[in-house]
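Hi,

Here is the structure I promised to pass on, with my notes underneath. Have a look at it first, then read on.

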Amino acid sequence: MVTTLDLEPLLRGAALRVTRPRVAVLSAVYAHPHSDTDSIIGVVRQDLGEVSTQAVYDVLRTLTVAGLVRRIEPAGSVARYESRVGDNHHHVVCRSCGAIEDVDCAVGYTPCLTADDDHGYVIDEAEVTYWGWCPACSPSVGIRPAPN
Ligand SMILES: [Zn+2]
Ligand SMILES: [Zn+2]
């Protein structure tokens, strides 16, 4: 469990001034990975009381640029934020309810960064999204795999 005290050095380490909205937003992202902005606003308001939507958007942008949170945006989904940064993890997304889980890189290192043709680009990230049905949704669509 990450406490507010743990988050302040993170902000300072990223050369960001420690403010209550920044700490509140960061702790909301830590506590609720893959939350969308509306959910984060809800959590922050429970913590701080009234805080403007724009303020939360601004803080999320600042934290993302500083590399303290990662912004993901699966196709058809709103932007979501998570505190697990700096690794090459991927996501599995439920087509039905939109649930998102972390998936480690398929083979544990990063051959998936090796594009067949890099077109001369220096590539440092590959974003992979696995799509499917979460356990709660798969029975209702009748594609639950047969047990072995
Ligand atoms: Zn689902
Ligand atoms: Zn993730």
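Let me start with a glycine: Gly86 is exposed, at a relative accessible area of 84%. Before I go further, please keep in mind that this is a predicted model. Gly86 belongs to the loop that runs between E3 and strand E4 (90–94). Its C-alpha atom is 9.3 Å from the C-alpha of Val69, a residue 17 positions away along the chain.

Now the general layout. The protein chain has five helices and six strands, and read from the N terminus their order is α-α-β-α-α-β-β-β-β-β-α. It is 148 residues long, and 31% of those residues count as buried.

What holds the helices to one another on the nonpolar side? The largest nonpolar core contains 21 residues, and Val25, Ile40, Val44, Val56 and Leu63 have the most contacts inside it. H1, H2, helix H3 (37–48) and H4 each put at least two residues into this core. H2 is the top contributor, with six.

Then the metals, which I suspect you will want to look at yourself. Which residues coordinate the zinc ion (ligand 1)? Four cysteines do, each through SG: Cys94, Cys97, Cys134 and Cys137, at 2.2 to 2.3 Å. The angles among the four donor atoms run from 102 to 113 degrees, and the site is tetrahedral. Along the chain, the donors of this ion follow the spacing C-x2-C-x36-C-x2-C. Two of these donors, Cys94 and Cys134, link distant parts of the chain: Cys94 is in strand E4, while Cys134 is in the loop between strand E6 (129–132) and helix H5 (138–141), 40 residues apart. Both Cys94 and Cys134 are buried.

The zinc ion (ligand 2) has another set of protein donors: His34 (NE2), Glu82 (OE), His89 (NE2), His91 (NE2) and Asp102 (OD), at 1.8 to 2.3 Å. Their spacing in sequence reads H-x47-E-x6-H-x1-H-x10-D. Here too a pair of donors links distant parts of the chain, with His34 in the loop between helix H2 (20–31) and strand E1 (35–36) and Glu82 in strand E3, 48 residues apart. His34 and Glu82 are both buried.

Glu82 turns up again among the salt bridges, of which the structure holds eight. Its partner is Arg70, and the closest N and O atoms of the two are 3.8 Å apart. This pair also links distant parts of the chain, since Arg70 sits in strand E2 (residues 70–72) and Glu82 in strand E3 (residues 80–82), 12 residues apart. Are the two partners buried or exposed? Arg70 is buried, because its relative accessible area is 13%, and Glu82 is buried as well, because its value is 1%.

Asp102, which you met as a donor of the zinc ion (ligand 2), also has a part in the charged contacts: Arg84, Asp87, Asp102 and Asp104 are linked in a network of salt bridges.

Two further salt bridges lie within helices:

- Arg12 pairs with Glu8, with 3.8 Å between the closest N and O atoms. The two are about one helical turn from each other because they are four residues apart in helix H1 (residues 4–13). Arg12 is exposed, with a relative accessible area of 52%, whereas Glu8 counts as partly exposed at 23%.
- Arg61 pairs with Asp58, with 3.6 Å between the closest N and O atoms. Both are in helix H4 (residues 53–65), three residues apart, or about one turn of the helix. Asp58 counts as partly exposed, at 33% relative accessibility.

Finally, the rings. How many aromatic pairs does the structure hold? The count is zero. There is a charge over a ring, though: the charged end of Arg95 sits over the ring of Trp133, 5.6 Å from the ring centre.

If you open one thing in the viewer, I would pick Glu82, which is a donor to the zinc ion (ligand 2) and the salt-bridge partner of Arg70.

Cheers

Key:
Residues are numbered from 1 along each chain as its sequence is written. Chains are lettered from A and ligands numbered from 1 in the order in which they are written. This is a predicted model: local features need pLDDT of at least 70, side-chain atom pairs count only at pLDDT 80 or more; totals for chains, interfaces and linings use all residues. Side-chain values use heavy atoms; hydrogens and water are left out. A salt bridge is a side-chain nitrogen of Lys or Arg within 4 Å of a carboxyl oxygen of Asp or Glu. Buried means under 20% relative accessible area, exposed over 50%, partly exposed in between (1.4 Å probe, protein chains only). Rings of Phe, Tyr and Trp (its six-membered ring) pair if their centres lie within 6.5 Å; planes under 30 degrees apart count as stacked, over 60 as edge-to-face and the rest as tilted. A charge sits over a ring if NZ of Lys or CZ of Arg is within 6 Å of the ring centre and within 35 degrees of the ring normal. Donors are N, O and S atoms within 2.8 Å of the metal (3.2 Å for Na, K and Ca); water is not among the atoms, so sites may look incomplete. Four donors count as tetrahedral if all angles lie between 85 and 135 degrees; four count as square planar and six as octahedral if opposite donors are over 155 degrees apart and all others between 65 and 115; anything else is irregular. A nonpolar core is a set of buried Ala, Val, Leu, Ile, Met, Phe, Trp, Tyr and Cys residues joined through side-chain atoms within 4.5 Å.
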